[in-house]
Amino acid sequence: MNKHEDIIRKIQERLSTLSKSERKVAEAILADPKTTIHSSIAKLAARAQVSEPTVNRFCRSLIGSGFPDFKVSLAQSLATGTPYVNLNVEPDDAPGAVTAKIFEAAKNNLTRAQDILPEALISRAVDVLAQARRIEFYGLGASGPVAKDAHHKFFRLNMPVVAYTDILVQRMAAAGSHSGDAIVIISYTGRTLPLIETARVAREAGATVIGITNPGSPLTEHCSIVLPIEETEDTDIYTPMSSRIVYLTLIDALATGVLLKRGPEFNAHLKKLKQSVQDTRLPKVEKK
């Protein structure tokens, strides 16, 4: 990527790795990139509530040169049609605008995640899950329902699988794991202390720990395999929304990968499961 190419997306991708003050600069730019092009460094610093050296430091970390060159890069990015929508929900947004922003954010996060997820790591994770003696999914808070969904997907694959969303149960299960077990820890931030400690306990017990989490987070230090999903939402107030779709989609991909490893002969098992619930549904009524 040259320094003029897709600078807005580059800023968005680095949000989670920036310092608190540099993140203020990034958010001020993303909130109104067109105004930034015509601003002085003093005006941008005031808008972001940081010092002018902080603005320059942010620019140099992004493109290797100062604010004047950064404005040229930003202008070039906008001129070449870089897609950009301010996806922050505002208090006066109408329901239709909120819906559009949330759908757009989900699409953007899916595309970004697909771009950075290494195929080799996904293949390795699928191999580990397909060969596992037992699979356990751990999640807390907003990640708990994702762990439950993973259990729902994987239990049909005729292998021992559970999902735990209780801190103490996770800790005990991790301590009781063995070599050949796969423990998948789902954490949006990768900074939740109980999950970090549980990952350490599981690794020491001999289990293979797969982390679906923010790359470079403390949790990754205790994972055997890390499937990176960048932290793109501010969760200080709201729970993860669009990023949850990314996690659910990745779980679908892993489950499908394991299913394909089972081979076509496994289809008979899936058919039997489907037939077992047919009596619980009303028949479809054809529209006239």
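Two strands are said to pair if DSSP finds at least two bridges between them. With that definition in hand, this predicted model can be followed from one bridge outward to the whole sheet. Gly211 has Val226, a residue of β5, as its bridge partner. The two strands concerned, β4 (residues 208-213) and β5, are joined in the parallel sense over four bridges.

Strand β5 covers residues 225-228, and both of its faces are covered. On one side lie Ile225 and Leu227, and on the other Val226 and Pro228; all of these residues are buried. This arrangement can be read against a general pattern: in a regular strand, side chains alternate between the two faces of the sheet.

The wider setting is an open sheet of five strands, ordered β2-β1-β3-β4-β5, with parallel pairing. Its edge strands are β2 (161-164) and β5, each of which pairs on one side only. On average, and with direction ignored, neighbouring strands of this sheet are turned by 15° against each other.

Toward the other edge of the sheet, strand β1 (residues 134-139) runs parallel to β2, and four bridges join them. Within this pair, Glu136 stands opposite Val162 of β2.

Helices complete the picture. Helix α10 (residues 167-175) packs on the sheet and touches β1, β2 and β3 (181-187). The direction of α10 makes about 150° with that of β1. Helix α11 (residues 193-205) also packs on the sheet, where it touches β1, β3 and β4. The direction of α11 makes about 165° with that of β3.

Terms used. Residues are numbered from 1 along each chain as its sequence is written. This is a predicted model: local features need pLDDT of at least 70, side-chain atom pairs count only at pLDDT 80 or more; totals for chains, interfaces and linings use all residues. Side-chain values use heavy atoms; hydrogens and water are left out. Buried means under 20% relative accessible area, exposed over 50%, partly exposed in between (1.4 Å probe, protein chains only). Axes are lines fitted to C-alpha atoms, for helices over the stretch in contact, and angles run from 0 to 180 degrees between N-to-C directions. Contact means heavy atoms within 4.5 Å.
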